[in-house]
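Work through the following exercises with the model open beside you. Try each task before reading its solution.

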Amino acid sequence: MRVSKYSQYKKIFNSRSSYLYFLFFILVFSIIFIFINIKNPSIQDTLTKLTAEPILKISSFVSTPVNMASNGIEKIIRVKKVYDDLESYNKEKLSETSNFQKIISLKMKVMEYEKLLNLSNETEYNYVTARITGNFTDQFSENAFINAGKSMGLQIDLPIIGENGVVGRISEANNEISRILFITDVSSRVPVLISDNGHQGILIGNSKGRPSVHFVNELSKINIGDLVMTSGKGGVFPPFLIVGRVISKNEDRVEVELSEDIDKLNYVRALKVNKLFD
Amino acid sequence: MRYFSIIGYRPTFYFLVFLIVSHNVINTGIFINLTYLLSLLVFLYSDKKFDLLFPIIIFFTGVYQDILIGNSLGYSSSIFLFFIFLKELVKYFGLYDIKYTPFFTFVAGSFSIFLFNYIYLTVNYQTSLNIFYEIIPILITIIIFQPINIFMKQIEKIYE
């Protein structure tokens, strides 16, 4: 009787010690595979570019029922929030009108100053609005897929903003989809300005916790509640995009509460900056 | 129940793993970490015959997850395979059938993976990770160890 090759291998490994060796071998191979990918990222990039789109399609299809259910629950919560917001909006309508007047007058003032200083309009944006199709909250990485890619003019390192402020940048661009790296990801670094005095620092993500600003020179002059904005340095984020507010101070860093709730994002905008900033 | 047995224990398990990995596109919040949950399932999977395909399939499942999440390829595979190896090692020394040994082996494995990750990220990215957020999914996985164990044994019974 002819015995298949698989059965032959099975016979060889049909003892616990051999199976253990095999497991050890494949585990070591897997660890080596990580280091190969870290040392030579082009292999990973090529593999990801080839497989990301079909894999995301499969994954989205399989997770449709659970996704629909969670979206449904989220929508019900949102509808309730809309009613609550409407009530508070009606109460604050009067003060809002005066705030609007203030904003308009400030904008006019800025325009006047820009004219006096002979400043050119530094940045002009084009937006590409996209839906988040997959949100990944692994233990240490914070990223998501959006349903827009190179075909819509997106490219690596374009800033991504939500309704209230910066959320991240594009880290991977395929034809129809792109991956966003959120500013909360451990590998994210964003040059920022804090407070009216313009103290500079680097916003570093720390997974699910609040990101913190490191390398700030005059930490004592920073107050809780100060506004944190992008500084425009580094060439990825344009200046003066709102990031969040200072929520606490430590010995060597300040913690920031983001103005955008990344977990609840559904739609984001990719900023296509027309005129490059310095 | 009899109809389920047509599909078989292994295909059902692989399907379950595939289903969970695919749900990585859904935001599961700070409490559930699907990588740890899958590690638990892989750890509790009862592999009586030494099936060579099992670690290979788990390796590719890990690669599939890494492409979805955007991790370095091989990261998830290494975690899954580490748990399988750990389990087989404990079995090899004949300790697996002692009460609570699987539980404490899994706890030790989870914390060693967590510590390795934490030290690597803190040193490599020079960031201050919030230990509370990082440890919660591990504790949740440890808490659900027993219910998942019972669930896996029930599935196994169906296919016996």
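The exercises below deal with helices and with contacts between chains.

This is a predicted model, in which local features need pLDDT of at least 70 and side-chain atom pairs count only at pLDDT 80 or more, while totals for chains, interfaces and linings use all residues. Residues are numbered from 1 along each chain as its sequence is written, and chains are lettered from A and ligands numbered from 1 in the order in which they are written.

**Exercise 1.** Describe the side of chain B that touches chain A.

Solution. Begin with the count: 46 residues of chain B are in contact with 53 residues of chain A, where contact requires that the C-beta atoms of two residues, placed from the backbone, lie within 7 Å. Next, look for the elements that give two or more residues to this side, which are H2 (9–22), H4 (53–69), H5 (75–92), H6 (101–125) and H7 (131–143) of chain B; helices are DSSP runs of H or I with at least four residues, numbered from the N terminus. The largest share, 11 residues, comes from H5(B). Finally, sort the residues of this side into 25 nonpolar, 18 polar and three charged, counting Ala, Val, Leu, Ile, Met, Phe, Trp, Tyr, Cys and Pro as nonpolar, Asp, Glu, Lys and Arg as charged, and the others, Gly among them, as polar.

**Exercise 2.** Check the span of H5(B), and decide whether this helix is mostly covered or not.

Solution. The expected span is 1.5 Å times one less than the number of residues, so the 18 residues of H5(B) should span 26 Å, and the 25 Å between its end C-alpha atoms agrees with this. As for cover, 15 of the 18 residues of H5(B) are buried, and the helix is therefore mostly covered; buried means that 20 or more other C-beta atoms, placed from the backbone, lie within 10 Å of the residue's own.

**Exercise 3.** At what angle do H3(B) and H8(B) cross, and which residues meet?

Solution. The axes, which are lines fitted to C-alpha atoms over the stretch in contact, with angles from 0 to 180 degrees between N-to-C directions, come within 10 Å and cross at roughly 45°. H3(B) and H8(B) are therefore oblique to each other, since angles under 35 degrees count as roughly parallel, over 145 as roughly antiparallel, 65 to 115 as roughly perpendicular and the rest as oblique. In this contact B:Leu40, B:Leu41 and B:Leu44 of H3(B) meet B:Phe145, B:Ile148, B:Asn149 and B:Met152 of H8(B), a set that divides into six nonpolar, one polar and no charged.

Technical notes
Buried ≥ 20, exposed ≤ 12 C-beta atoms within 10 Å, placed from the backbone.
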